[in-house]
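Here are my notes on the model you sent over, set out as numbered points. I hope they help when you next open it in the viewer.

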Amino acid sequence: MEHSLPLISTLALAFAMALVFGYFAEKLRFPALVGYLIAGIVCSANTPGPTADMGLASQLSELGVILLMFGVGLHFSIEDLLKVKNIAIPGAVLQMGIATALGAAFASFIWHWNFSAALIFGLCLSCASTVVLLKALELHGHLNTIDGQISVGWLVVEDIATVLILVLLPPIALVLGVVPPGATEAPEALSAGQMVWVIISTILRVVAFVAIMLLVGRKFIPWALSQIAKTGSRELFTLSLLVASIGIAFGAAAVFEVSFALGAFFAGMVMRESPYARRAAHDSLPLQDAFSVLFFVGVGMMLDWHVMLTEPLGILTMLAIIMVGKSVTAFLLVHFLRYPLHTSLNVGAALAQIGEFSFILVAQGIALGMVDNEVMSMIVAASILSIALNPLMFAMAPVIRRLAVRHFAWARAAAMVTDPYAVLPKETSRKMLTGQTIVVGTGEVSNNVAQRLHDHNIPIVSIVEDKDVAENLRGQNRAVITGDATDPMVLVQAHIVTAAVLMILEVDTVKILKIVEMARQLNPEMKILVRAKTTEDAEFLQKELDPKEVTAIFNDPDSVSSRLVRKIGRIYMPAETAGDVEDHGDHEQHKKHAQAENEEAVAQPAH
């Protein structure tokens, strides 16, 4: 049997190295993607040992981009895209222009590069990686928030702009008189009319693709998915997802000359109209995870690590422009568009990296003779460093926010700016805001608990991060706000000062610690109930949290909703309410249970 199959050997080596280095990265409390990047460096031809096929790895990583963008489209409706157009379009265009000018000016006046090389350099620094953004948003729980929607919409606009730039680079090279590799003189330059036609035809192709997806695909794809789902075949359903994502992405690139990522994004977005969209998102998730790993391994394979020794100052300069220049530019643009402080910080953090489109741009520049191969190595090195440090930027955003609010009046004013769903409706009854229970979390358990409390007329305010969930709950006349509960302003909007109980459900352990700390500062007398996702999380929380801070910790997913509701009914409500909340049994027995559990909670807060 033939054992030198390049596809199988590349997959085996890439996945194995990613698993090993990803594991050690997690153990060292780094994001797993840092391990994936290191795995790519180890698998490359620039390091000793086994080598993966770079060409195949690049194509496999492109599959990762397609599937990941398809998944994003499944969670991103057309309405969501239109809602952020007022910030995403001007923000992305201005940010790309400023970042390009900043990078080109530095390369021209400091490094004395020619204009064509400086232009390519600036363009490479101007566009961020959609894959890296999505992983960072998912890691920090921002993917379905308003900030996440703005960031994704921003990068969709960047992707469209980059497609236009890639088409315009050849005529720009002609105008600049660049001599392609292997040629003795520059080709004849295009006329002004030809240049205008190139721009118009490119825009028309993008518009035609979007129009077909919205007018035809929006009806046909959900219908086709429904017909396949009715067969009851799981294999056919999964196959239909692959055909829709990869097929439409390829067709978009082949026919309309737009990027694979953009085609896959719109495929997912129109499929969201189907009633089977949730199932599609669930079934495609393993494929997204597996192939997105290959994207980061492929990026690592592109690095010639020798450039780190020959051009350390140049790489650090690039990194500063990417992580400081781009972030500050994006922050100021969002801030002056009158968005909340947390949105400005999160969008700034989201753009503090570069990725796949930067590599495509510099490769195009090399093919046209505008830059040399050394620039590619420097771009890849700066990209890897920015990708590895990007999660740190997100982690720093809340810290910077607290410091800014503490010391600057403009920051306090920006922190008070809210969107309509970040505050309670004006018609919210006062009785809902006195002695109420605040439920933090988005998911089945949170919904079940909130619904049972609501059914028993217990005042409740929900805090969720998903705007779609907030819209749905408001449609049921429920008191709900969107936002991150680690933000004190979100807790203030929920009237935490007058709350009797705080329930933290379906939230990561790190966030739980922050929420408890902030809640205790705002309302020291309030009871706090926490639901841990696993037994290990419960043990961790019991060690990290002061027993005086929490009343109970639950980690039983089967009966958690009923236990939490009974806990509130018995301890914090009158005996009559406790009897109402309990689903069965004698009223006097309820009172005895209530008294016993109250004493138990005082004696041993964590359960």
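1. Let me start with Trp-223, which is exposed in this predicted model, because its relative accessibility of 51% lies over the 50% cut-off. Phe-220, at 48% relative accessibility, counts as partly exposed. These two residues form a tilted aromatic pair, with 6.0 Å from centre to centre and 35° between the planes. Why is the pair called tilted? Stacked pairs have planes under 30 degrees apart and edge-to-face pairs over 60, so the rest count as tilted. Phe-220 and Trp-223 are 3 residues apart in helix 9, so about one helical turn separates them.

2. Both residues also belong to a wider feature of the surface. Together with Ile-212, Leu-215 and Val-216, Phe-220 and Trp-223 form a nonpolar patch with about 570 Å² of accessible area. Leu-215 sits in helix 9, which covers residues 192-229. With a relative accessible area of 66%, Leu-215 is exposed.

3. Now for the other aromatic residues. How many aromatic pairs are there by this rule? The count comes to 12. Elsewhere in the chain, one aromatic cluster is formed by Phe-106, Trp-111, Trp-113 and Phe-121.

4. If you are looking for charged contacts, a search of the whole structure finds 2 salt bridges. In one of them, the side chains of Arg-279 and Asp-283 meet at 3.5 Å, N to O. Arg-279 and Asp-283 lie 4 residues apart in helix 12 (residues 277-301), so they are separated by about one helical turn. Both ends of this bridge are partly exposed: Arg-279 has a relative accessible area of 29%, and Asp-283 has one of 21%. The value for Asp-283 puts it in the partly exposed class because buried means under 20%.

5. The other salt bridge brings together the side chains of Arg-234 and Glu-235, at 3.9 Å from N to O. That distance counts because the limit for a salt bridge is within 4 Å. Arg-234 is exposed, with a relative accessible area of 55%.

6. Next, the strands, beginning with strand 4 (residues 501-504). Which way do its side chains point? Val-501 and Met-503 point one way, Leu-502 and Ile-504 point the other way, and all are buried. In a regular strand, side chains alternate between the two faces of the sheet.

7. Strand 4 has parallel partners worth tracing in the viewer. Strand 1 (residues 437-440) pairs with strand 4 in the parallel sense over 4 bridges, and Val-440 has Ile-504 as its bridge partner in strand 4. Strand 4 and strand 5 also run parallel and are joined by 4 bridges. In strand 5, Leu-502 has Ile-528 as its bridge partner, while Ile-504 has Val-530. Ile-504 therefore has a bridge partner in strand 5 as well as being the partner of Val-440.

8. How is strand 5 placed, enclosed or open? Of the 5 residues of strand 5 (residues 527-531), 4 are buried, so the strand is largely enclosed by the rest of the structure. Strand 4, helix 22 (residues 509-522) and strand 5 make a right-handed β-α-β unit.

9. A right-handed β-α-β unit is also made by strand 2, helix 20 (residues 467-475) and strand 3. Strand 2 (residues 460-464) and strand 3 run parallel, with 4 bridges joining them. Ser-462 stands opposite Val-480 in strand 3. Strand 3 (residues 479-482) has Ala-479 and Ile-481 pointing one way and Val-480 and Thr-482 pointing the other, and all are buried.

10. One last residue to look up is Glu-539, in helix 23 (residues 535-544). Glu-539 is partly exposed, with a relative accessible area of 45%. How far apart are Glu-539 and Ile-553 in sequence and in space? They are 14 residues apart in sequence and 9.3 Å apart in space, from C-alpha to C-alpha.

Conventions. Residues are numbered from 1 along each chain as its sequence is written. This is a predicted model: local features need pLDDT of at least 70, side-chain atom pairs count only at pLDDT 80 or more; totals for chains, interfaces and linings use all residues. Side-chain values use heavy atoms; hydrogens and water are left out. Buried means under 20% relative accessible area, exposed over 50%, partly exposed in between (1.4 Å probe, protein chains only). Helices (H or I, at least four residues) and strands (E, at least two) are DSSP runs, numbered from the N terminus. Two strands pair if DSSP finds at least two bridges between them. A crossover is right-handed if, with the strands pointing away from the viewer, the path from the first strand over the helix to the second runs clockwise. Patches are made of residues with over 30% relative accessible area and no salt bridge: like charges are joined within 9 Å, nonpolar side chains (Val, Leu, Ile, Met, Phe, Trp, Tyr) within 5 Å. Accessible areas come from the Shrake-Rupley method with a 1.4 Å probe; for residues, only the protein chains shown count as cover. Rings of Phe, Tyr and Trp (its six-membered ring) pair if their centres lie within 6.5 Å; planes under 30 degrees apart count as stacked, over 60 as edge-to-face and the rest as tilted.
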